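Work through the exercises below with the structure open beside you. Try each task before reading its solution.

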Amino acid sequence: MSSIVGYYSTPFGELWDKSLDDLFLEAATGIMNDLQIEMKQIDAIFFGNMLGGVVEKQLLLSAHLSELLDVNIPIYRAEAACASGGMAFHSAHEYLKSNPNKTVLVLGAEKMTDITASEITEALATAASHKEQSVGLTFPGVYALMAQVYLDTYGYSEEHLAAISVKNHAHGVLNDKAHFRRYVTIDNVLESPYVAYPLKVLDSSPISDGAAALIMTNDAQMIQNRKNVTILASETATDTISIAKRKRLDEVESTKVAGNNAFLKAKIKRTAIDVMEVHDCFSIAEILALEDLGFWKKGQGGKLAQEMVTHRDSGNNTIVNTSGGLKAAGHPVGSTGIKQIGEIYLQLTRQAQERQVKNALYGLAHNVGGSGGVAVVSILGI
Amino acid sequence: MFGIVDYGFYIPKYRIKIEDIANQWGKCADKVELSLRITEKAVAGTDEDVLTMAYEAASSFLSGDTKVKKQIGAVFVGSETFQYAVKPTATSLAEWLGLSHDYLAYDTQFACKAATGALISALGMVKSGDIDSALVCATDKANARPKDTLEYSAGSGANAWLVGHEKVIAEIVCWHSYSSDTPDFWRRAKSEFPSHAGRFTGTPAYFQHLGEAVKRLLHKTNTKPSDYHHVVFHMPNGSFPFKAARQLGFSQKQMEMGYVVPTLGNSYSASALMGLVAVLEVARPGDNILFASYGSGAGSDAIQMKITKHIDKKRKQFKNSILAKEYIDYATYTKFMNMK
């Protein structure tokens, strides 16, 4: 079994004075300093990044990390759009399964605010089918179609979607690294301008800069005397790039497959999960995630979202997106999957401060690439 | 004593309501107005441009006075919407005004502080004794890409300033300029409309540069915010100057006389100086004025001025003059702005 022994995150937000290299360096040195680990103790680095080649015109980022950290160890990049961080974590987990007594640094970093909103939207859309891109479908457009199908099929309204943003903003207020630390109301969400009907600005996660880091290990000495969580499962699954070829638009098949496999591997029931970070790039995505992961029955998500049954103040057993989710904590796409795992690590090791969920023993992280072309579901336990 | 000897301004009579622009694009007008704190903006007519507006502003106080005209040894025009990429506006203006031909002329650009840098340069030339006086004009027929947030604020207007040493109405006591390579707003050569970097134009650009220029000027002059009767900051919209004032310790009362953006919009290089025009209508001898422009790219010129006893003879009617206006619709606006 592999364990996570530490987590570090930069603030998420519009970090205008930081380049992609600056973000990588801060996350890497931050976690090494916190854990008092030296680079020579690291056997490999896995990192997630989607847009370095577009925003900073930089590929071969492994060589950047080699230079920044003064190492010559293997460095592996994972690119799975918004699931790049989750895929880096998953890859590191697979590496540790076949390499005993190893310790790896897992990073996620994304620099998004150095180009215009239309340029970054276009860059993100490269993770959609090129045929669908060519007719003007952007990611807000894709998720808007999914939301329309969901609302029409099950008889819900935009108000049901808005509740997700209200809850996640309330959680984000308690996260000192979050991009947005302010409450929003249902009316605020409903009155915000449309991005793509029925999704509005406040249904949508922001464009953020940020980086996050984890130390993962299967070395007993490294684990000893450090706050650690065990990785019970990390599973990934895929689906068509084209949404026109999906069987249904009111669910994400890759999430269902990865989720089912993860629970089989982890050998725990869904009811055991205390905290979850799910991929709420748009409000509709969190509803679909909770249904597809098997926590809510298909079609009940709108009602349960409106009841805010996963709010930290709900008194219920499973709290979702304590970090604020992508919506409030921010969404530097390559970092998000690492931040999700990190948030679960903080919760399970009782380091989540004001947003700590009491007695949390098991947590789940769900990271999606594109509109569901890739999903990574990981389950951690204490 | 060196400083401003006389001044003039020109605001075209046409106005478009922010509501009409918002309606054009299906936006909620109330929210736009609340966010930008602008209700309408001045628009130059189809036969007006930066030269005609600069001429109107300068000729309003330079007509017929040949002695003053002959003493002008420099003519500078600051704008970011010059009609020509190559051909000075300053010489055309000087010719139209009937100045002598013994003057140094050039056009200046530095986004919305194109003219205040020239004002400081003119002050230095007058102080050195190389010239007797200088005419500095700020003029813009500010444009914005249709549907861009800038479209709600970009307005038209011009003002003109005679810098000299005799019968100074506003002594320029001290100045400080703060600049850095910060690309928050730009217009590439041959591009019709400017581009901007959204919220980047705020904290690291406007607030950083204007804030530092003001703080360093206060330090240089050993003054504090409460020492000033009137404060004028560049007005790209209605909220930025008040936010900057709060950050720097100035009150709303100190700002209110020069706060002209809600009904005129942002006439780019003429914007902050139009606030100064408004202040000069009411300022009393002995009043201290703190003025700070901001130009994207980026820089801010902070200037301390002191009003003298000569102000009364040169005071201009500003508030009443801008009440004469004619509203236009969005279609007429596109025609006046020559939008294709």
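The exercises that follow concern a predicted model and deal with chain A, then chain B.

**Exercise 1. Overall form of chain A**

Task: Find out how many helices and strands chain A has, and how its radius of gyration relates to the globule rule.

Solution:
- Step 1. Count the elements: chain A contains 15 helices and 12 strands.
- Step 2. Take the radius of gyration, which is 19 Å for chain A, and set it beside the 21 Å that the globule rule gives for 382 residues; the two are close, so chain A is as compact as a globular protein of that length.
- Step 3. Look at the extent along the principal axes: the C-alpha atoms of chain A fill a box of roughly 55 × 45 × 35 Å.
- Step 4. Of the 382 residues in chain A, 59% are buried.
- Step 5. Consider contacts in chain A between residues at least 6 apart in sequence: 79% of these join residues at least 24 apart.

**Exercise 2. A strand and its partners**

Task: Decide whether the residues on the two faces of β4(A) are buried or exposed, and describe how β4(A) pairs with β2 and β7 of chain A.

Solution:
- Step 1. Recall that side chains in a regular strand alternate between the two faces of the sheet.
- Step 2. Sort the residues of β4(A), residues 103-110, by face. One side carries Thr103(A), Leu105(A), Leu107(A) and Ala109(A), and the other carries Val104(A), Val106(A), Gly108(A) and Glu110(A).
- Step 3. Check each side: all of these residues are buried, and both faces of β4(A) are covered.
- Step 4. Turn to strand β2(A), residues 44-48: five bridges join it to β4(A) in the parallel sense. Within this pair, Phe46(A) is opposite Val106(A).
- Step 5. Turn to strand β7(A), residues 210-217: it runs antiparallel to β4(A), with eight bridges between them. Here Val104(A) has Met216(A) as its bridge partner.

**Exercise 3. The nine-stranded sheet of chain B**

Task: Give the strand order of the open sheet of nine strands in chain B, and say which strands stand at its edges.

Solution:
- Step 1. Read the order across the sheet: β5-β4-β6-β7-β1-β8-β13-β12-β11 of chain B, with mixed pairing.
- Step 2. Look at the two ends. β5 (104-108) and β11 (230-233) of chain B each have a single partner strand, so one side of each has no neighbour in the sheet.
- Step 3. From one strand to the next, the twist averages 20 degrees.
- Step 4. Take one pair as an example: β1(B), residues 3-10, and β7(B), residues 156-164, run antiparallel and share seven bridges. In β7(B), Asn159(B) is the bridge partner of Phe9(B).
- Step 5. Add a helix: α6(B), residues 114-128, packs on the sheet and touches strands including β4 and β5 of chain B, and its direction makes about 175 degrees with that of β6(B).

**Exercise 4. An enclosed helix**

Task: How many residues of helix α11(B) are buried, and across which strands does α11(B) lie?

Solution:
- Step 1. Count along residues 271-280: 10 of the 10 residues of α11(B) are buried, so this helix is largely enclosed by the rest of the structure. Among them are Met274(B), Gly275(B) and Val277(B).
- Step 2. Identify the strands: α11(B) lies across β1, β6, β7, β8, β11 and β12 of chain B.
- Step 3. Give the direction: α11(B) runs at about 160 degrees to β11(B).

Note on methods:
Residues are numbered from 1 along each chain as its sequence is written. Chains are lettered from A and ligands numbered from 1 in the order in which they are written. This is a predicted model: local features need pLDDT of at least 70, side-chain atom pairs count only at pLDDT 80 or more; totals for chains, interfaces and linings use all residues. A residue is buried if 20 or more other C-beta atoms lie within 10 Å of its own, exposed if 12 or fewer, and partly exposed in between; C-beta atoms are placed from the backbone. Helices (H or I, at least four residues) and strands (E, at least two) are DSSP runs, numbered from the N terminus. Two strands pair if DSSP finds at least two bridges between them. Axes are lines fitted to C-alpha atoms, for helices over the stretch in contact, and angles run from 0 to 180 degrees between N-to-C directions. Two residues are in contact if their C-beta atoms, placed from the backbone, lie within 7 Å. The radius of gyration is taken over C-alpha atoms; the globule rule is 2.2 Å times the number of residues to the power 0.38.
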